[in-house]
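Hello,

Here is the structure I promised to pass on. Please have a look at it first; my notes on what turned up follow below.

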Amino acid sequence: DDIWASLLQQKGGLKSTNENITKDGQHITCEWYNTPLINQQGETIGVTSLAHDVSERMRIEQMQTDFISTVSHELRTPLTSIRGAISLLKGQALAPDSAEYKQILNIANNNTERLLMIINDILDIQKFESGKMQMDFQDIDLAAFLKDAVESNHNYAEQFQVNYQLQAVTETLLVRADAHRLMQVMYNLLSNAAKFSHPGQDVEIEACKHGAMARITVIDHGAGIEAEFMPQVFDRFTRADNSNIQQTGGTGLGLSIVKKIIEQHGGNISLESTIDQGTRVYVDLPLI
């Protein structure tokens with residue numbers, strides 16, 4: 001009786017959401033639209049129910065909610081640090097020629113760079129989605145390029161007491177690529193490898209021919225990625241539940257952007273990982 005009364009009050013129907021199990025045992029979330037059937041005398045004689053599977057929609061909504069929460073945290077942390085640094089400098093609490101003064105400036109600068117990276121990641125995703133990402137392709141010698149990439153990221157690795165080891169490239173590897181975007185790929189891969197390594201470990205970078213492709217391999221010996229997360233590792237807005245990964249922060253956009261850049265170059269990216277043993281990331285690009 002309560003159900004019928006509720007349906008009658010709704011007039012246009014009653015909507016509800018609940019968990020359901022399909023015939024093959026899958027758990028899905030359904031949105032139900034229930035509409036009362038009323039005869040000519042105004043009596044309720046039944047109900048019509050229509051179910052719509054909203055599992056994917058709710059998954060995406062939850063991902064977006066988590067992403068907003070993560071970005072809010074990622075923005076707030078460097079902003080708080082920058083604000084503190086500016087307050088100290090503005091209050092003239094430190095002598096301009098002191099080591100502490102320079103340290104505060106470095107902290108403010110590093111956190112400004114971090115903010116720019118977050119904003120650029122968000123803008124890059126939007127450009128890829130709208131098809132407006134521009135590429136400036138040129139011939140690139142991977143041996144020289146990888147040397148520059150390692151040198152450019154050396155200071156980042158030092159923060160984690162990690163060392164980059166570039167293995168000698170013994171053959172000529174020429175690819176057609178956007179140097180800026182390919183450097184963005186290497187920054188993401190090298191920074192991830194450093195963050196998830198243990199102090200004192202090496203991150204190895206290799207390059208070789210792999211069929212008709214040039215293969216770049218980035219190898220770390222750190223935390224690794226849980227097997228159940230592997231299928232989602234290149235998805236937007238996702239970060240593993242591994243506590244080691246959660247503690248390193250990040251928006252969950254880096255590898256998604258990397259994958260899109262590599263695909264724009266006609267290449268592909270894949271990885272292998274084992275918990276507490278490390279990760280190997282393979283980037284394959286067409287040889288010229």
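**The sheet and its neighbours**

Five strands make up an open sheet, ordered E5-E7-E8-E10-E9, with mixed pairing. Its edge strands, pairing on one side only, are E5 (163-166) and E9. From one strand to the next, the twist averages 15°. This is a predicted model, in which local features need pLDDT of at least 70 and side-chain atom pairs count only at pLDDT 80 or more, while totals for chains, interfaces and linings use all residues. Residues are numbered from 1 along each chain as its sequence is written, and side-chain values use heavy atoms, leaving out hydrogens and water.

A few terms: strands (E, at least two residues) and helices (H or I, at least four) are DSSP runs numbered from the N terminus, and two strands pair if DSSP finds at least two bridges between them.

At one edge, E5 pairs with E7 (residues 202-210) in the parallel sense over four bridges, and Gln165 has Glu204 in E7 as its bridge partner.

At the other edge, E9 and E10 run antiparallel, joined by seven bridges. Ser270 sits opposite Tyr282 in E10. The two strands form a hairpin with three residues between them, and Asp276 in the turn has a positive phi of about 65°.

Finally, helix H8 (residues 254-264) has these buried residues (under 20% relative accessible area, 1.4 Å probe, protein chains only): Gly254, Leu255, Ser256, Ile257, Val258, Ile261 and Ile262. After H8 comes Gly266, with a positive phi near 75°.

Best wishes

Key
Buried means under 20% relative accessible area, exposed over 50%, partly exposed in between (1.4 Å probe, protein chains only). Axes are lines fitted to C-alpha atoms, for helices over the stretch in contact, and angles run from 0 to 180 degrees between N-to-C directions.
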